[in-house]
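Subject: Structure handover

Hi,

Here is the structure I promised to pass on to you. Could you take a look at it alongside my notes below?

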Amino acid sequence: MTAGPQAGADAVVVRVDRDRCIGSGMCALSAPGSLALGADGLAEPVAGHGADGEELTPELTEAVDFCPVEALTLYSARGGHRIAPAE
């Protein structure tokens, strides 16, 4: 069985503001199944977390909460509304 897009109510998409990201790697360490550092050293979503949506995990929530430059934002995959951080 392979992981695929999750269309459930808890599915999220994570966006990385590449102008803000400093490549600290804290997000990739906190949520390695959701975020990684790309070849340019900046964070990028892994698999469905950047497109179709995947399950929201406590690790991903922690990664967004602890990003030192607030470069990560979570959106609902279903409704597109911003989940975290709060505006």
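A word on pairing before the details: two strands count as paired if DSSP finds at least two bridges between them. Please also keep in mind that this is a predicted model.

That definition applies to S5 and S6, which pair in the antiparallel sense over 2 bridges. Leucine 74 stands opposite alanine 84, a residue of S6. The hairpin formed by S5 and S6 has 5 residues between its strands, and glycine 80 in this hairpin takes a positive phi near 80°.

S5 has another partner as well: strand S1, residues 11–16, is joined to S5 by 5 bridges, and the two run antiparallel. Within this pairing, valine 16 has leucine 72 of S5 as its bridge partner. As for burial, 4 of the 5 residues of S5 are buried, so the strand is largely enclosed by the rest of the structure.

Stepping back to the whole chain, you will find 2 helices and 6 strands, and along the sequence they follow the pattern β-α-β-β-β-α-β-β. The chain has 87 residues, of which 34% count as buried. About 5200 Å² is exposed, with carbon and sulfur atoms supplying 52% of that area. If you look at contacts between residues at least 6 apart in sequence, 60% of them join residues at least 24 apart.

Two backbone details may interest you. The peptide bond between alanine 84 and proline 85 is cis, with omega at about -10°. Proline 85 sits in the segment after strand S6 (82–84). The other detail is glutamate 70, which has a positive phi of about 50° although it is not a glycine. You can find glutamate 70 in the loop between helix H2 (58–66) and strand S5 (72–76). Is glutamate 70 buried or exposed? Its relative accessible area is 54%, and exposed means over 50%, so glutamate 70 counts as exposed.

A second glutamate is worth a look too. Glutamate 59 belongs to helix H2 and is partly exposed, with a relative accessible area of 41%. Leaving aside neighbours within four places in sequence, glutamate 59 is in contact with Ser30 and Ala31. Measuring from C-alpha to C-alpha, glutamate 59 and alanine 28 are 9.9 Å apart in space, while 31 residues separate them in sequence.

Happy to talk any of this through.

Best wishes

Conventions. Residues are numbered from 1 along each chain as its sequence is written. This is a predicted model: local features need pLDDT of at least 70, side-chain atom pairs count only at pLDDT 80 or more; totals for chains, interfaces and linings use all residues. Side-chain values use heavy atoms; hydrogens and water are left out. Buried means under 20% relative accessible area, exposed over 50%, partly exposed in between (1.4 Å probe, protein chains only). Contact means heavy atoms within 4.5 Å. Accessible areas come from the Shrake-Rupley method with a 1.4 Å probe; for residues, only the protein chains shown count as cover.
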